[in-house]
Amino acid sequence: MKRSLFFAASFMCAAIASADPTPFTQHDFDKLAREGKSVVVDVAASWCSTCRAQKPIVNALSREPNYRNVTVLSVDFDTDKPALKEFKVGMQSTLIAFKGGKELGRSIGDTSRAGIESIFKEAAQ
């Protein structure tokens, strides 16, 4: 029984690590920051064509082995005003790299894989 629970827990952790971006909560961000973890904050709006172009790239990169330790937290540009204020974001399609709560890089409106990957590289360092 213990062995089965261990394997189930291991599977769930692997699934979470390769899951789609997680909705932003201040609690999650603060916890990841305290733990020194790598985070990409993805600020997007459902109506934004640039955000829609970024999404498959962000999702693909979040599943790559080089970035398995990077957590992507999604901020809704239209509804999560406190997060926008905290991160000093004035525009959707903004990606911000953090490590241990410290901002390492920022990108606005970039839809190139290389540009978006540079944000992931900043966070993963």
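Two strands count as paired if DSSP finds at least two bridges between them. Strands here (E, at least two residues) and helices (H or I, at least four) are DSSP runs, numbered from the N terminus.

This is a predicted model, where local features need pLDDT of at least 70 and side-chain atom pairs count only at pLDDT 80 or more, while totals for chains, interfaces and linings use all residues. Residues are numbered from 1 along each chain as its sequence is written, and side-chain values use heavy atoms, leaving out hydrogens and water.

**View 1. A hairpin links β4 and β5.** Just two residues sit between these strands, and G100 in the turn has a positive phi of about 60°. The two strands run antiparallel and are joined by six bridges. Look for K99, whose bridge partner in β5 is K102.

**View 2. Five strands make an open sheet.** Follow the order β1-β3-β2-β4-β5, and you'll find mixed pairing. Strands of a sheet pair through backbone hydrogen bonds, either parallel or antiparallel. At the edges are β1 (22-23) and β5 (102-108), each pairing on one side only.

**View 3. V40 of β2 has bridge partners in two strands.** One partner is V72, in β3; another is A97, in β4. β2 and β3 pair in the parallel sense over seven bridges, whereas β2 and β4 pair in the antiparallel sense over six.

**View 4. Helix α3 lies across the sheet strands β2, β3 and β4.** This helix covers residues 49-62 and runs at about 160° to β2 (axes are lines fitted to C-alpha atoms, for helices over the stretch in contact, and angles run from 0 to 180 degrees between N-to-C directions). As for β4, five of its six residues are buried (under 20% relative accessible area, with a 1.4 Å probe and protein chains only), so this strand is largely enclosed by the rest of the structure.

**View 5. The largest nonpolar core has 18 residues.** Such a core is a set of buried Ala, Val, Leu, Ile, Met, Phe, Trp, Tyr and Cys residues joined through side-chain atoms within 4.5 Å. F29, V41 and F87 touch the most other members. Two or more residues each come from α2 (26-34), β2 (38-44), β3 (70-76), α4 (81-86) and β4 (94-99), with β2 giving the largest share, three residues.

**View 6. F87 and its contacts.** Leaving aside neighbours within four places in sequence, F87 is in contact (heavy atoms within 4.5 Å) with F24, F29, V41, I96, F98 and R106. Apart from this core lies another, of 13 residues, including V40, V72, I116 and I119.

Definitions and conventions:
Buried < 20%, exposed > 50% of the residue type's maximum accessible area, 1.4 Å probe, protein only.
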